[in-house]
Amino acid sequence: MTQLIGFIGLGKMGTPMAANLLAAGYRLRLFNRTPEKAAPLVAQGAQLASDPRDTAEPGGIVITMLADDHAVESVVDGERGIVKGLAPDGIHLSMSTITPATARRLAQEHERHGIRYVAAPVFGRPEAAAGRKLWICVSGPRAAKDRVTPILHALSQGIFDFGEQPEAANVVKLAGNFLLASAIEALAEALTLAEKNGVDRTTLAAMLSQTLFACPAYQIYGDAVARKRDQPVGFRVSLGLKDINSVLQTAEASRLPMPLASLLHDRLLSLVAQGKSDLDWVALASEVARQGGMER
C-alpha cells in the first residue's frame, strides 16, 4: 500500500510541495486553517483532515510547512495536536523556518511521547518548490532521517545532513536567510550608488551576476533588485523580519554581535511601518533608494 503522509500548511511553499508528493505517488492527508486552499489537492486525490491530529496515525509521518514558531507549536500540542496522533513511534518532519530554541524544545517534547522530530527547512522560492528544485538541510535522529529521506528526495534537488542535534538544520537555515537578506541589501546599496552616478542599474546587475558574483543569490535577486521588483511575492517582508529577528535572538543567546543583522532588522521594520509587510523582501531595494533620495 502506498505510504500515507500527513501534511500541514498550504501556503506559497506548502501547496506545490504537497502537489509534488502526490505526483510521486504518496497519499496525503491535509490540514490547513483555510480549508478552501486544499481543494485543488483534494481534487488530485488528497484527503482533507478536520484538525491536525487527524492528519496523523500512530507510527506515521506528518510534515509541517508553516509560517513561524507559533504556528508550528499550535498544531503540535493539545488534545487535537499531531503528538497525540503520531504516538508512538511516529515522525514529525518539520520543514518550517523556526528558531533553534523552538526546534530543541519541540524535539524534547516529542521524545517524551516516543515520537521522533526531524528538522528539514528548505532553501528556495515557490517556483523552486514547484519544480522540485529545493535544497533541504536536515538534522535529527539517524534512523528517523533515513526513513524520511525518500520523501525529501521527492521535493528537492539535494539534501545536506547536519547531524543529530535537532536544532542544527534551523541554525543553518537562519544563517542562509541572513546571507540572502545581506545580498539583497548589498545589491541595493551598490546599484543605487551606480544609479546616482549615471550608471544603469540593470546593466551593472547583469554584469555582476555573470562575473564576480555568478551565484544563485545574485542571479535570482540581481535583476529584481535592479528593477526594484517587489511583485510577484515569493518571500514576504514580514517573514524576512521574522527570520532576522530569529537570527538576532539566536545570536544574543550565543553572545555573538551581528551588526549587519541589526541593520537588516531596521530596514525590514521600516518597511513594515510603511505598510509594506506583504511585498517581496526585494522591497529592501526601494527602501535603500528612498533613503538615498532616489524615491520620494
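## Helix α12 and its packing

In this predicted model, the buried residues of α12 pack against three other helices, namely α8 (168–196), α11 (237–253) and α13 (284–291). The residues of α12 that are buried are A261, L264, H265, R267, L268 and L271. Around the helix axis these residues cover an arc of only 165 degrees, and they therefore lie on the same side of α12. An α-helix has 3.6 residues a turn, so residues three or four places apart point the same way. On the other side of α12, by contrast, P259 and A273 are exposed.

The length of α12 can also be checked against expectation: its 15 residues (259–273), taken at 1.5 Å a residue, should span 21 Å, and because the end C-alpha atoms are 21 Å apart, the two values agree. Just after α12 comes G275, which takes a positive phi of about 80 degrees.

## The parallel sheet

The model contains an open sheet of six strands, paired in parallel and arranged in the order β3-β2-β1-β4-β5-β6. At the edges stand β3 (47–48) and β6 (116–119), each of which has a single partner strand, so that one side of each is left without a neighbour in the sheet. Strands of a sheet pair through backbone hydrogen bonds, either parallel or antiparallel.

Strand β4 (residues 61–64) pairs in the parallel sense with β1 (residues 4–8) over four bridges, and I8 stands opposite T64 in β4. The pairing of β4 with β5 is likewise parallel and runs over four bridges, with V62 opposite H92 in β5. The side chains of β4 are divided between two directions, I61 and I63 pointing one way and V62 and T64 the other way, yet all of these residues are buried.

## Helices α7 and α5

Helix α7 (residues 142–153) lies across four strands, β1, β4, β5 (91–94) and β6, and runs at about 55 degrees to β5.

Helix α5 (residues 100–112) includes H110, a residue that is buried, with a relative accessible area of 0%. When its neighbours within four places in sequence are left aside, H110 is in contact with V76, V83, H92, I115, R116 and Y117. One of these contacts, H92, is the β5 residue that stands opposite V62.

## Cysteines

How many disulfides does the model contain? The count comes to zero disulfides, and C137 in particular is in none, since the nearest cysteine sulfur to its own, that of C215, is 16 Å away. A disulfide requires two cysteine sulfur atoms within 2.5 Å. Seen from the other residue, the closest cysteine sulfur to that of C215 is in C137, and because the separation is 16 Å, it is too far for a bond.

The two residues also differ in their burial: C137 is buried, with a relative accessible area of 4%, whereas C215 counts as partly exposed, at 28% relative accessibility.

Terms used:
Residues are numbered from 1 along each chain as its sequence is written. This is a predicted model: local features need pLDDT of at least 70, side-chain atom pairs count only at pLDDT 80 or more; totals for chains, interfaces and linings use all residues. Side-chain values use heavy atoms; hydrogens and water are left out. Buried means under 20% relative accessible area, exposed over 50%, partly exposed in between (1.4 Å probe, protein chains only). Two strands pair if DSSP finds at least two bridges between them. Contact means heavy atoms within 4.5 Å. Axes are lines fitted to C-alpha atoms, for helices over the stretch in contact, and angles run from 0 to 180 degrees between N-to-C directions. The expected span of a helix is 1.5 Å times one less than its number of residues. The arc is that of the directions from the helix axis to the C-beta atoms.
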